[in-house]
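Notebook open, coffee poured. I'm going through this one feature by feature and jotting down what I find.

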Amino acid sequence: QVHLEESGGGLVQPGGSLKLSCRTSGRVVRMGWFRQAPGKDREFVASIHWLRGSGNYADFVAGRFAISRDITNFTMYLQMNSLTPEDTAVYYCAARLLTAPSDWSSWGQGTQVTVSS
């Protein structure tokens with residue numbers, strides 16, 4: 001288990017940008033972002049292999065988001081561009097650990113992203 005803490009959420013107008021951050025307290029195999037909108041199920045957004053830096057994205061991202069990480073700072077980022085009201089949700093950071101590399105076993109508390117004019 002590791003401690004994860006998200007930051008960077010806020011209110012932005014349609015077409016605007018936000019950059020989310022998630023810092024981990026320890027070693028991880030992979031980190032990712034999930035989101036949950038009001039009345040909707042939690043859904044996958046993007047993930048990144050911690051050492052290799054290879055990422056994958058949900059189809060709805062459509063080139064608008066970019067995931068990255070800073071190894072020395074133990075921090076993962078999600079650059080979000082061309083935001084729409086459909087992107088409004090609580091965004092959660094998650095991690096897969098060495099002890100359970102196939103499971104999203106660690107979760108942050110979430111950061112609110114609201115896209116509205």
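What is the strand order in the open sheet of four strands? I get 1-3-8-7, with antiparallel pairing. For my own record, strands are DSSP runs of E, at least two residues, numbered from the N terminus, and two strands pair if DSSP finds at least two bridges between them.

Before going on, a note on provenance: this is a predicted model, where local features need pLDDT of at least 70 and side-chain atom pairs count only at pLDDT 80 or more, while totals for chains, interfaces and linings use all residues. Residues are numbered from 1 along each chain as its sequence is written, and side-chain values use heavy atoms, with hydrogens and water left out.

**Sheet edges and pairing.** I looked up the edges next: strand 1 (4-7) and strand 7 (65-70) each have a single partner strand, so one side of each has no neighbour in the sheet. I then checked strand 7 against strand 8 (residues 75-80) and found antiparallel pairing over six bridges. One bridge I noted is arginine 69 with methionine 76 of strand 8.

**Loops after strands 7 and 8.** Most residues other than glycine have a negative phi, so I went hunting for exceptions. Phenylalanine 74, in the loop between strand 7 and strand 8, has a positive phi of about 55°. Its relative accessibility is 32%, so I log phenylalanine 74 as partly exposed (buried is under 20% relative accessible area, exposed over 50%, partly exposed in between, with a 1.4 Å probe and protein chains only). Serine 82 sits in the loop between strand 8 and strand 9; its phi is positive too, about 50°, and at 43% serine 82 is partly exposed.

**Core.** I pulled up the largest nonpolar core (buried Ala, Val, Leu, Ile, Met, Phe, Trp, Tyr and Cys joined through side-chain atoms within 4.5 Å). This core has 27 residues, and those touching the most other members include Trp33, Met76 and Tyr91. Strand 9 (89-96) is among the strands that supply at least two residues, and the largest share, four residues, comes from strand 9.

**Disulfide.** How many disulfides does a search of the whole structure find? One, counting cysteine sulfur atoms within 2.5 Å. Cysteine 22 is joined to cysteine 93, S to S 1.9 Å. Cysteine 22 is in strand 3 and cysteine 93 in strand 9, so the link ties together parts 71 residues apart in sequence. The S-S torsion is about -80°, so I wrote down left-handed. Cysteine 22 is buried at 0% relative accessible area, and cysteine 93 is buried at 0% as well.
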